[in-house]
Amino acid sequence: MEIFITKKNAVNPDNVAFIKGESNYTTLFFSDGSKKMVVAQTLHLVHEKLSDSRTFIRLSKSVVLNVINIETFNKRSVKLKNGESLVPSRRRARSFFEEL
C-alpha cells in the first residue's frame, strides 16, 4: 500500500524508518538506509498522511518514528534496525513508551 506524500512521490509506509522535520521541509529516511526523500511539507502534514498505518509515533518535536523498525530501546534512546540511534524528547518520552 503506497501513500502519496506529494502529487508525484508515493511511499510504502512499511519502508519508512523515521521522518525528520526541519522548518517547512521533511526528510523521510528509509529502512534500507540507502536513500532518503526530502519534501517541501511540514512534519505534521507528512505525519498525518502516514497516520493511517498506525505504526508512526511522535518521538520528539522534529522526529516521527515507525515502530516496526525499532530494534531496542531504553529511557534515553531508541535504536533502529538500520543502526540509527534516536533520542526521545523529555516531554514526549513517557507517552512514547506507553504507546509501545
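Trainee: At about what angle does helix 1 run to strand 3?

Mentor: This is a predicted model, numbered from 1 along each chain as its sequence is written; local features need pLDDT of at least 70, side-chain atom pairs count only at pLDDT 80 or more, and totals for chains, interfaces and linings use all residues. Side-chain values use heavy atoms, leaving out hydrogens and water. Helices (H or I, at least four residues) and strands (E, at least two) are DSSP runs numbered from the N terminus, and angles run from 0 to 180 degrees between N-to-C directions of lines fitted to C-alpha atoms, for helices over the stretch in contact. Helix 1 lies across strands 3, 4, 5, 6 and 7, and its angle to strand 3 is about 155 degrees.

Trainee: Which strands does helix 2 touch?

Mentor: Helix 2 covers residues 90–99 and packs on the sheet. Contact means heavy atoms within 4.5 Å. Its direction makes about 155 degrees with that of strand 6, and the strands touched are strand 6 and strand 7.

Trainee: Which are the edge strands of the open sheet?

Mentor: Two strands pair if DSSP finds at least two bridges between them. The five strands run in the order 5-4-3-7-6, with antiparallel pairing. Pairing on one side only marks the edges: strand 5 and strand 6.

Trainee: What is the bridge partner of Lys20 in strand 4?

Mentor: Strand 3 and strand 4 pair in the antiparallel sense over six bridges. For Lys20, the partner in strand 4 is Thr27.

Trainee: Which element gives the largest share of the largest nonpolar core?

Mentor: A nonpolar core joins buried (under 20% relative accessible area; exposed is over 50%, partly exposed in between; 1.4 Å probe, protein chains only) Ala, Val, Leu, Ile, Met, Phe, Trp, Tyr and Cys residues through side-chain atoms within 4.5 Å. This one has 14 residues; Ile5, Val11 and Ile19 are among those with the most contacts inside it. Strands 3, 4 and 5 and helix 1 each supply at least two residues. The largest share, three residues, comes from helix 1.

Trainee: How many degrees lie between the planes of Phe18 and Phe29?

Mentor: Phe, Tyr and Trp rings (six-membered ring for Trp) pair with centres within 6.5 Å; planes under 30 degrees apart are stacked, over 60 edge-to-face, the rest tilted. Phe18 is buried at 3% relative accessible area, and Phe29 is buried at 19%. Their pair is stacked, with 4.5 Å centre to centre and a plane angle of 10 degrees.

Trainee: Over the ring of which residue does the charged end of Lys35 sit?

Mentor: The rule needs NZ of Lys or CZ of Arg within 6 Å of the ring centre and within 35 degrees of the ring normal. Lys35 has its charged end 5.2 Å from the centre of the ring of Phe30.
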